[in-house]
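Hi everyone, thanks for making time. I'd like to walk you through one chain today, so let's bring it up on the screen.

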Amino acid sequence: MTAPATYAQRLARIEARIAAHDLAEAASELVSLRRGGGMAGDPGEPSLSGMAATLPPPTLIALVRALLAHRRTDGGWHTDAVLGSLCPLLPPELPPDLVRDLLLFAADSAYDMPVMTLAGLVAQQLRHGPLPPALLATMHRRQRESLWLRQLTVRATTPADPA
């Protein structure tokens with residue numbers, strides 16, 4: 001009988017899947033790892049955020065897209081927790097469609113995205129177009145956490161100057 005895989009072994013398998021560009025399976029295994037109670041590992045073991053921080057930005061973006069797709073079929077707190085933990089690691093400039101998808105995630109997620117990550121996404125979205133209406137309620141709920149988010153909420157709800 002074989003022993004169950006350790007956290008570090010499971011994370012290594014996920015890293016191998018990411019390296020092989022099998023991102024849908026990597027996303028599924030990340031959620032499974034979280035569902036099993038793992039994310040941080042034991043002291044001295046690698047962490048999900050540590051592993052993700054070493055990924056090249058295009059790979060991290062592709063992994064986040066895979067997690068968003070996974071969320072459509074296997075939503076819930078575990079998926080949201082994995083996705084939310086990766087969002088702060090994303091590069092500061094993202095494709096507009098990904099910004100929109102992440103903002104929609106923030107609006108209906110069981111996981112509260114870190115406020116500065118949310119504010120950065122809102123700022124990017126405002127450069128491309130209006131905010132999704134569902135996000136405004138989330139921003140109003142969370143604006144007391146950040147002066148920047150308060151200012152962005154005002155900007156998002158104030159009609160543009162026609163000049």
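So, how much area does the chain expose, and what share of it do carbon and sulfur atoms supply? The exposed area is about 8,500 Å², and carbon and sulfur supply 58% of it; accessible areas here come from the Shrake-Rupley method with a 1.4 Å probe, and for residues only the protein chains shown count as cover.

A quick word on the source: this is a predicted model, where local features need pLDDT of at least 70, side-chain atom pairs count only at pLDDT 80 or more, and totals for chains, interfaces and linings use all residues. Residues are numbered from 1 along each chain as its sequence is written, and side-chain values use heavy atoms, with hydrogens and water left out.

Now the fold. The chain has nine helices and zero strands (DSSP runs numbered from the N terminus: H or I of at least four residues for helices, E of at least two for strands). Of its 163 residues, 41% are buried, meaning under 20% relative accessible area with a 1.4 Å probe, protein chains only.

Let's look at helix 5, residues 77–86. Seven of its 10 residues are buried, so the rest of the structure largely encloses this helix. Among them are Asp-80, Val-82 and Leu-83. The buried residues pack against helix 2 (23–35), helix 3 (48–53), helix 4 (57–73) and helix 6 (96–108), with contact meaning heavy atoms within 4.5 Å.

Last stop: Thr-117, in helix 7 (residues 115–128). Thr-117 is buried at 14% relative accessible area, and, leaving aside residues up to four places away in sequence, Thr-117 touches Cys-87 and Pro-88.

How values were computed: Buried means under 20% relative accessible area, exposed over 50%, partly exposed in between (1.4 Å probe, protein chains only).
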